[in-house]
Amino acid sequence: WEYCLHHPLPWAFFEEWIHQGTEKASFMRKITAHSETIAKNKQGNRELYLEPGFISCDSYAMATAIDESVVTEHIQVGVSVELQGSLTRGMMVLDPSNLLKKQHRAFIAAKCDMEKFSHLMMSALK
């Protein structure tokens with residue numbers, strides 16, 4: 001989630017993206033309408049959002065799967081899924097201090113080539 005907050009797409013891009021005049025873009029416009037309204041209303045809260053813009057977490061994952069070079073910087077850390085609910089429930093928790101002494105480490109995206117990412121997003125709705 002934090003990665004996504006650091007890499008929002010400008011709302012102007014979002015408008016261009018969903019108004020490409022294709023069936024895919026029209027479909028995306030319909031299925032994101034409610035989310036867009038909610039996000040724009042909540043993005044004034046600086047405790048939750050770093051800067052305004054469209055955030056589509058699944059899109060970052062798909063872009064990375066399609067073209068790994070979209071990720072320009074990553075960290076490698078132990079991870080766990082919180083099941084007890086003491087901090088969160090069912091979410092991945094990073095262990096950058098290696099307190100859990102995990103043998104295997106996950107590659108976690110830290111920075112993104114937003115130009116490449118934007119191009120992939122535009123291409124997806126053509």
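## Exposure and the loop between E2 and E3

A residue counts as exposed when its relative accessible area is over 50%, as buried when that area is under 20%, and as partly exposed in between. In this predicted model, Lys101 has a relative accessibility of 62% and therefore counts as exposed.

Lys101 is placed in the loop between E2 and E3, and its backbone there has a positive phi of about 55 degrees, although the residue is not a glycine. Asn98 is also found in the loop between E2 and E3, and this residue, again other than glycine, has a positive phi, with a value near 60 degrees.

## Overall architecture

The protein chain contains five helices and three strands, which, when read along the sequence, follow the pattern α-α-α-α-β-β-β-α. Along its principal axes, the C-alpha trace of the chain spans about 50 × 30 × 20 Å. The chain has 126 residues, and 31% of them count as buried.

## The largest pocket

The largest pocket holds about 780 Å³ of space and is lined by 22 residues, of which Trp1, Tyr3, Met92, Ile108 and Ala109 lie nearest its centre. By residue class, the lining of this pocket divides into 16 nonpolar, four polar and two charged residues.

Both helices and strands take part in the lining of the largest pocket: helix H1 (2-6), helix H4 (57-66), strand E1 (71-81), strand E2 and strand E3 (106-112) each supply at least two residues. Among the contributors to this lining, H4 gives the most, with five residues.

## Met92 and the nonpolar surface patch

Met92 is found in strand E2, which covers residues 92-95, and it is one of the residues that lie nearest the centre of the largest pocket. Its relative accessible area is 48%, so Met92 is partly exposed; the cut-off for exposed residues is over 50%.

Together with Ile75 and Leu94, Met92 also makes a nonpolar surface patch of about 250 Å². A residue needs over 30% relative accessible area to be part of such a patch, and Met92, at 48%, is above that value. Met92 thus appears both in the patch with Ile75 and Leu94 and among the residues nearest the centre of the largest pocket.

Key
Residues are numbered from 1 along each chain as its sequence is written. This is a predicted model: local features need pLDDT of at least 70, side-chain atom pairs count only at pLDDT 80 or more; totals for chains, interfaces and linings use all residues. Side-chain values use heavy atoms; hydrogens and water are left out. Patches are made of residues with over 30% relative accessible area and no salt bridge: like charges are joined within 9 Å, nonpolar side chains (Val, Leu, Ile, Met, Phe, Trp, Tyr) within 5 Å. Accessible areas come from the Shrake-Rupley method with a 1.4 Å probe; for residues, only the protein chains shown count as cover. A salt bridge is a side-chain nitrogen of Lys or Arg within 4 Å of a carboxyl oxygen of Asp or Glu. Helices (H or I, at least four residues) and strands (E, at least two) are DSSP runs, numbered from the N terminus. Buried means under 20% relative accessible area, exposed over 50%, partly exposed in between (1.4 Å probe, protein chains only). On a 1 Å grid over the protein atoms alone, a cavity is a set of points where a 1.4 Å probe fits but cannot get out, and a pocket is an open set with protein on both sides within 12 Å along at least five of seven lines; lining residues have an atom within 4 Å of a point. Grid points are joined across faces, edges and corners, and a volume is the space filled by probe spheres set on the points. Ala, Val, Leu, Ile, Met, Phe, Trp, Tyr, Cys and Pro count as nonpolar, Asp, Glu, Lys and Arg as charged, and the others, Gly among them, as polar.
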